[in-house]
Amino acid sequence: MDSSNGTPIHPRYSRQILFNGIGREGQARICASRVVLVGCGALGAVQASLLVRAGVGELRIIDRDFVDETNLQRQILFDEEDVRAVLPKAVAAENKLRVVNSLVKVEGVVEDVNPSSIERLLGGFDLIMDASDNFDVRYLVNDFSVKNGIPWVYGACVGANGLTFPILPGETPCLRCIFENKPPAGIGMSCDTAGVIGPIVGMVASMQVAEAMKILSGARDQVSRKISSLDLWINRHEMVELPARSPECPCCGRHEYPFLDGMLGADVTTLCGRNSVQIRRQEGTRVNLDAIARRLGPLAQLEQNKFLLRAVIDGYQLTVFSDGRAIINGTYDMGVAKSLYARYIGN
Ligand SMILES: [Zn+2]
């Protein structure tokens, strides 16, 4: 331990302390910080590994999904043994990271982040990292972050394409200043319909963690005030100006938090006795069933009429109605159903 200025810091962090931007004081701040990761798929696996190695004090990893073999191409924390054991990602990640850095309190939590659980799961942390795969969670996290003054770092990728920007509540534009409303259900591409390559995941997650390290070490003035947008296949790297913070922004301007109140998110209920879960969208939602059918065509067995689209996929039966409502047959688990909905129908 090096405690020359009264703050004991483990020698394993010497290369970060030598780095001018962080130094001893910055490292001490990182070591005292508490970070929560929302999701632990591809982005989350890279983020979790970098954050634990960087020496955050505590990392909570929340994920509602299990490891499957199609994850291994890019979710670098997981291996074939996790697939065989059907381990929840949060548990597999915790197991791996505990032996990477025993100084960090790593906690895997197998749960769904939703309006009822978010306060309990994210409350009291210094920073929220977005490694989710859907907009329901991102808009919910944004409401929570702004209401509680906790910074968060947005990250998303699909194909060879990625986007990331940090949100410092009260200081930089929030998600709703940038995209006031969620993209309509059925429009958004996801990794499960459009694919994704590992390198873009590594890039976006690494950029997110660099912003996290600035925020946690106290280098707030270095935090990016732009959107980083990349496409590794067509060789495009751009820093896009953020819009100005809007006093009319429903979230950070008017301080309305409808996602936290559960008003604009997905409404999920289990259907008793039918081994099914129903997901209902907000009033007035319309989805384009033809567009969904075109996306799912190569992946699923489909039946369609003018009222609904039925897809048999991964052993589940998804029935989608044109108002965005879906019945997912083959499970009682709301987390599984929401994850199938986000994957195959849209966010
Ligand atoms: Zn805002």
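**Close-up 1. Helix 2 crossing helix 10 in a predicted model.** The axes of helix 2 (residues 23–31) and helix 10 (residues 198–217) come within 8 Å and cross at roughly 100°; axes are lines fitted to C-alpha atoms, for helices over the stretch in contact, with angles from 0 to 180 degrees between N-to-C directions. That makes helix 2 roughly perpendicular to helix 10 (the label covers 65 to 115 degrees). Helix 2 brings Gly26, Arg29 and Ile30 to the contact, and helix 10 brings Met213, Leu216 and Ser217 (contact means heavy atoms within 4.5 Å). By type, the contact residues split into three nonpolar, two polar and one charged; Ala, Val, Leu, Ile, Met, Phe, Trp, Tyr, Cys and Pro count as nonpolar, Asp, Glu, Lys and Arg as charged, and the others, Gly among them, as polar.

**Close-up 2. The open sheet.** Eight strands line up in the order 3-2-1-4-5-6-7-8, with mixed pairing. Strand 3 (105–109) and strand 8 (236–241) sit at the edges, each pairing on one side only (two strands pair if DSSP finds at least two bridges between them). From one strand to the next, the twist averages 15°. Helices (H or I, at least four residues) and strands (E, at least two) are DSSP runs, numbered from the N terminus.

**Close-up 3. Strands 4 and 5, with helix 7.** Strand 4 (residues 127–130) runs parallel to strand 5 (residues 152–158), and two bridges join them. Ile128 has Trp152 as its bridge partner in strand 5. Helix 7 (residues 135–148) packs on the sheet, touching strand 1 (34–38), strand 4, strand 5 and strand 6 (161–167); its direction makes about 170° with that of strand 5.

**Notes.** Residues are numbered from 1 along each chain as its sequence is written. Local features need pLDDT of at least 70, side-chain atom pairs count only at pLDDT 80 or more, and totals for chains, interfaces and linings use all residues, while side-chain values use heavy atoms, leaving out hydrogens and water.

Key
Parallel < 35°, antiparallel > 145°, perpendicular 65-115°, else oblique.
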